[in-house]
Amino acid sequence: MGYGVAVASVLAALSLTLAFRELLSATVFILFFAAVTLSAWFGGRRPVLLAIVLSTAAGNYFVLGHPFAWNMAWPDVVRVVLFAGIALLISAMRDALDNARLSEAQHARDAEEYTVQLQEQATELEATALELEQQTEEAQALAGELEAANEQLQVALAQAEAARAAAERAAFRASFLARASSLLASSLDYEETLRSLTRLAVPELADWCSVQILADGELRQLAVAHVDPEKVRFARELRERFPIDLSAPRGVPHVLRTGESELYPEIPDELLVASSRCEEELCILRELGLSSAITVPLTSRGEVLGALSLVAAESGDHYDADDLQLAEELGRRAGVAIDHARAFRQARAASEAKSAFMATMSHELRTPLNAVIGYADLLALGIPDPLPDSALRAVERITVSARHLLEVIDAILTHVRIEAGREEVSVETVDVGRILDEAAVVAEPLAAAKGLSFRVEPSPEPLLVETDPRKLRQILVNLLGNAVKFTDRGEAVVRTEADGDALLIQVCDTGIGILPEHLERIFEPFWQAETAKHLRVSGTGLGLAVSRNLARLLGGDLTVESTPGEGSTFTLRLPYRLPPTGRRAGGGS
């Protein structure tokens, strides 16, 4: 289309130029300028170049009358050159205009695209703003939740800290009570253990600790403790100068009367004034700088045995309900320790009195009993006159009964000596086979009288041990006597065998046996198992108890295995050499 416009425009310009040639003599190319301009406007660069070439050729040929360029005059040459230059300028302007339009259009498109992008970005920013607003709201909500969670965390931390502190205090209380209990149980000398308890309490529980004991209606300060020994001495002197008034309405007297604890979280000066009896005592109490105090009773089985006082001074501590609870538990345990120690002392005194009585009575019985046996032996020998057979049988029964009674008395005396810790061991080298034969001499007649088989299985070689022969003989006599006593049919057998550094002596029978629940009780003093007929076999119940104690005194032991209705086996374990710790000087039992 552009080339057609160029050709048409040139033709139109040529026609008009030829038509108005006379009028356009001065500017013969003016219409061709219009053709070039029109071609440039509607065609572009190439059509305008076509229009310039056509216009130049047409003008040169038809207007200027020069068919060829070389015969042109200089003025016409200038005209053609000016036309061509101006036409090219018009073309360049047109190109510049087109480029400007294109650039403007491109800018417009770019602007439009940029506007679209800006709109999209604005939309995105708006969405982002909404999202940020939502995030802000969520952040604010989260901040609120975090703040609430932080508050809860602070509360939880406070609770955890309180729980940790409570756990630490509970652990401390448990540890302290465990140590105090161990201390109180370490000795039956309760006065010394209570003194140690006051030293244990300072300074862990108090700056001052004291114990007051009631004995025979009188109050005695048993112990007082402080880290400074000089202050302890001062406190004792102070108590001597100003003894406790048992009629006082508060403090130790009140606790002793009522059995109720007293807690003073604070000790104001008014309390010191009310507690003092003179100006000098008040001045001393003020100088001590007391800040808090607890006084608890020492109780056991509902009885108040004394009072324990804990006092804070230099540390500035202040006691609370937990401290009071700890002190009360400490007072209960100390009271029980005092009660047990006093009961043990009473029991030991009673036991010593019983042992002394039994020893005295046994000796008193033994003297006339020896006379009875002596006179019976004389009568059996026919002194002063021979006795008839019926009288001899009566004398023999008297002798048997008297000797049995003498054995009972010997068992009682041995038991008393063992309980009192006065039984002594006289060590010598002993042939156990010989001791077994001596014990068998006592048991064989009893077994024969009941129709039992009785035997001592001999050892292939001598059985030599270092021990006390009299005590070994007493053990074997008791064991063999019991084997025959509790066996109605069958046999009683004695065996020996080596077991490392010890000798085992086993006494086996086929008697009534022992119930499993009675296997240890039979070794208790004065206890007897019942027979199958639910009748008690005669005896004191001391034989096995004395035998086991003697066996342990000799460095060994006595044990039993039994099956009810089938029999029992008693095993005496005896070391070949008595340990040095078991040796005692003495002349026997």
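Glu 457 is partly exposed in this predicted model, with a relative accessible area of 28%. Its salt-bridge partner is Arg 495, and the closest N and O atoms of the two are 3.3 Å apart. Arg 495 also counts as partly exposed, at 31% relative accessibility. Where do the two residues sit? Arg 495 belongs to strand E9 (residues 491-499), while Glu 457 is found in the loop between strand E7 (453-456) and strand E8 (464-467), so the pair ties together parts that are 38 residues apart in sequence. Elsewhere, salt bridges that share partners link Glu 191, Glu 192, Arg 195, Arg 199 and Arg 220 into one network.

**More salt bridges**

How many salt bridges does the structure hold? There are 33. Here are some of them.

| Pair | N to O distance |
|---|---|
| Glu 314 and Lys 231 | 2.7 Å |
| Arg 301 and Asp 339 | 2.8 Å |
| Arg 495 and Glu 457 | 3.3 Å |

Let's look at the pair formed by Glu 314 and Lys 231. Glu 314 lies in the loop between strand E5 (303-312) and helix H10 (321-380), and Lys 231 lies in helix H6 (residues 229-241), so their bridge ties together parts that are 83 residues apart in sequence. Glu 314 is partly exposed, at 45% relative accessibility, and Lys 231 is partly exposed too, at 30%.

Next come Arg 301 and Asp 339, whose side chains meet in a salt bridge. Arg 301 sits in the loop between strand E4 (292-300) and E5, and Asp 339 sits in helix H10, so this pair ties together parts that are 38 residues apart in sequence. Is each partner buried or exposed? Arg 301 is exposed, at 72% relative accessibility, whereas Asp 339 is buried, with a relative accessible area of 12%.

**The sheet around E9**

Strand E9, the home of Arg 495, is part of an open sheet of five strands in the order E7-E9-E10-E12-E11, with mixed pairing. E7 and strand E11 (557-563) stand at the edges with a single partner strand each, so one side of each has no neighbour in the sheet. On average, neighbouring strands of this sheet are turned by 15° against each other, direction ignored.

Inside the sheet, E9 pairs with strand E10 (residues 502-509) in the antiparallel sense, over eight bridges. Thr 496 has Ile 505 in E10 as its bridge partner.

Helices join the picture as well. Helix H12 (residues 432-449) lies across E7, E9 and E10, and runs at about 175° to E7. Helix H14 (residues 543-553) packs on the sheet and touches E11 and strand E12 (567-575), its direction making about 135° with that of E11.

How values were computed. Residues are numbered from 1 along each chain as its sequence is written. This is a predicted model: local features need pLDDT of at least 70, side-chain atom pairs count only at pLDDT 80 or more; totals for chains, interfaces and linings use all residues. Side-chain values use heavy atoms; hydrogens and water are left out. A salt bridge is a side-chain nitrogen of Lys or Arg within 4 Å of a carboxyl oxygen of Asp or Glu. Helices (H or I, at least four residues) and strands (E, at least two) are DSSP runs, numbered from the N terminus. Buried means under 20% relative accessible area, exposed over 50%, partly exposed in between (1.4 Å probe, protein chains only). Two strands pair if DSSP finds at least two bridges between them. Axes are lines fitted to C-alpha atoms, for helices over the stretch in contact, and angles run from 0 to 180 degrees between N-to-C directions. Contact means heavy atoms within 4.5 Å.
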